[in-house]
Amino acid sequence: MQCTDLGPQMLEYLAGTLPDDRLAEIRAHLAQCQACRDEVEATAELWNELGAAPSPRLESARMRARFDAALQGYIDGQTESRVVSMAAAPRPAMRWQPWLQLSGAAALLVIGVGLGRFMPSAPQSNPDIALLREELRDTRQMVTLSLLQQQSASERLKGVTTSGQLEQPGTEVVTALLETLRHDPNVNVRLASVDALRRFSSRETVRKGVVDALPQQESPLVQIAMVDFILEASGPETRKVLQQLVEDMMLNQAVRSRAERGLRQVGL
Amino acid sequence: MRSVREGDLARMGVLFERHHRPLFDFLYRMTGDRGAAEDLVQDVFVRMLRYRATYRDDGKFETWMFRIARNVRADHFRKHGAAVYVPEEDMDWATDAPGPAHILERARDMARLKRALQALRDDRRELIVMVRYQGMTHEQVGAVLGVDAGTVKVRFHRALKELRDAFTRVPEGD
């Protein structure tokens with residue numbers, strides 16, 4: 001195997017999805033090629049950094065309202081043109097065009113948002129509003145948990161992302177994220193769950209869950225992300241865990257190197 | 001999509017609900033501009049309505065949707081140029097907020113990485129966005145681009161390499 005053969009297979013190697021024969025070939029090559037080992041490590045690091053870039057904020061409700069207005073305009077336009085052509089009537093001078101409807105809807109939306117902003121808000125203590133908020137939070141949580149159970153990887157990925165939008169997720173969501181990290185068959189979903197768990201890294205149970213799950217991971221890519229998690233969490237156990245990883249000869253070389261650099265970072 | 005093609009246009013709202021998030025994510029990461037990405041999402045769905053007759057049952061809906069999204073984005077770049085936008089609000093998390101040094105360093109690295117990604121050639125950035133952020137397999141990307149999975153692997157590796165180079169060129173203090 002040549003160094004140039006590694007590149008196109010790199011991601012599959014890091015994801016742990018290569019067939020055994022090709023995996024053995026790559027491992028044999030890496031054992032004797034420092035340049036390729038560096039390349040693997042740099043790629044894994046870049047991949048994880050890319051994954052840590054936050055998702056853009058999305059104003060779904062506003063976008064949906066805008067699309068509904070455009071859709072209605074389109075449907076009305078279709079119906080109107082059908083009626084007009086059936087009656088063979090001349091085109092009216094002033095047609096209620098879709099763009100005009102869209103602008104109208106946008107204007108109404110702006111007015112609505114403006115009114116919402118400047119109208120005095122109900123007192124926080126209003127029990128109905130508090131109840132509504134609680135119900136909304138529960139519903140969002142249920143949606144997240146349900147998405148995490150879906151067969152499609154992109155739906156589960158959506159579930160992991162949605163968990164990041166929950167203000168105060170309950171223990172069930174955190175447990176589900178840890179389960180996803182341990183057992184999800186898709187590398188990107190597992191990587192996303194490591195990112196989602198970062199906000200709970202002050203909880204000892206979460207740190208322990210990630211540390212325990214690390215040896216079970218087949219993908220070095222996920223393992224590196226987990227090493228980064230342990231490092232950032234800065235728990236009292238960080239040094240000990242990193243030291244154990246460095247000494248674990250069964251671990252992938254790139255993961256051990258990352259742990260070694262982590263140890264240097266925390267001052268050992 | 002089949003019912004939309006058969007004339008039940010209102011069903012397009014269901015498709016919008018299901019797919020506007022990944023589409024927005026794709027278009028935002030391609031343009032770096034939230035407002036433009038929102039407009040382009042609307043354009044994609046309107047085009048899907050207009051060209052609904054071209055949807056074929058044998059293909060995957062997402063493949064068809066991303067093909068349209070690529071065209072919409074290409075038209076946008078033709079009209080407005082492939083300018084790189086790095087809106088201020090997106091750099092918020094890279095400010096000098098107090099916090100542990102490594103978190104701050106990480107935030108700065110993220111900001112540099114984002115700039116490096118935006119500096120890449122359009123087709124390279126598109127590959128990285130589809131694989132990394134949309135979670136698409138090489139085969140799925142190949143179906144959108146009209147090439148085989150092997151070609152995607154080679155191009156993708158090249159794109160990652162270029163990203164690494166671009167990342168090292170972005171000044172650290174920027």
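This report describes chains A and B of a predicted model, moving from chain B and its meeting with chain A to a few places within chain A.

**Chain B and its side towards chain A**

Chain B has 174 residues, of which 33% are buried, and its secondary structure consists of eight helices and zero strands. Read from the N terminus, the order of elements is therefore simply α-α-α-α-α-α-α-α. When the contacts of chain B between residues at least 6 apart in sequence are considered, 65% of them join residues at least 24 apart.

Where the two chains meet, 34 residues of chain B are in contact with 31 residues of chain A. Four helices of chain B, namely α2 (12–31), α3 (34–50), α5 (101–119) and α8 (149–169), each supply at least two residues of the side that touches chain A. Of these, α2(B) gives the most, with nine residues. Sorted by class, this side of chain B holds 18 nonpolar, six polar and ten charged residues.

**Helix α3 of chain A**

Helix α3 of chain A covers residues 34–52, and because each residue is taken to add 1.5 Å, its 19 residues should span 27 Å, which agrees with the 27 Å between its end C-alpha atoms. Several residues of α3(A) are buried, among them A:Cys36, A:Val40, A:Thr43, A:Ala44, A:Trp47 and A:Leu50. It helps to recall here that an α-helix has 3.6 residues a turn, so residues three or four places apart point the same way. The buried residues of α3(A) also include A:Glu41, A:Glu45 and A:Asn48.

**Two residues of chain A compared with the cut-offs**

The table sets out two residues of chain A, each with its count of C-beta neighbours and its class of exposure.

| Residue | C-beta neighbours inside 10 Å | Class |
|---|---|---|
| A:Ser234 | 15 neighbours | partly exposed |
| A:Thr205 | 12 neighbours | exposed |

A:Thr205 counts as exposed because a residue with 12 or fewer such neighbours is placed in that class, whereas A:Ser234, with 15, falls between this limit and the 20 or more required for a buried residue, and so is partly exposed.

A:Ser234 is located in the loop that runs between α11 (220–233) and α12 (238–247) of chain A. Its phi is near 50 degrees, which is a positive value in a residue other than glycine.

A:Thr205, in turn, belongs to helix α10 of chain A, which comprises residues 204–213. Although A:Thr205 and A:Thr175 are 30 residues apart in sequence, their C-alpha atoms are 9.6 Å apart in space.

Definitions and conventions:
Residues are numbered from 1 along each chain as its sequence is written. Chains are lettered from A and ligands numbered from 1 in the order in which they are written. This is a predicted model: local features need pLDDT of at least 70, side-chain atom pairs count only at pLDDT 80 or more; totals for chains, interfaces and linings use all residues. The expected span of a helix is 1.5 Å times one less than its number of residues. Two residues are in contact if their C-beta atoms, placed from the backbone, lie within 7 Å. Ala, Val, Leu, Ile, Met, Phe, Trp, Tyr, Cys and Pro count as nonpolar, Asp, Glu, Lys and Arg as charged, and the others, Gly among them, as polar.
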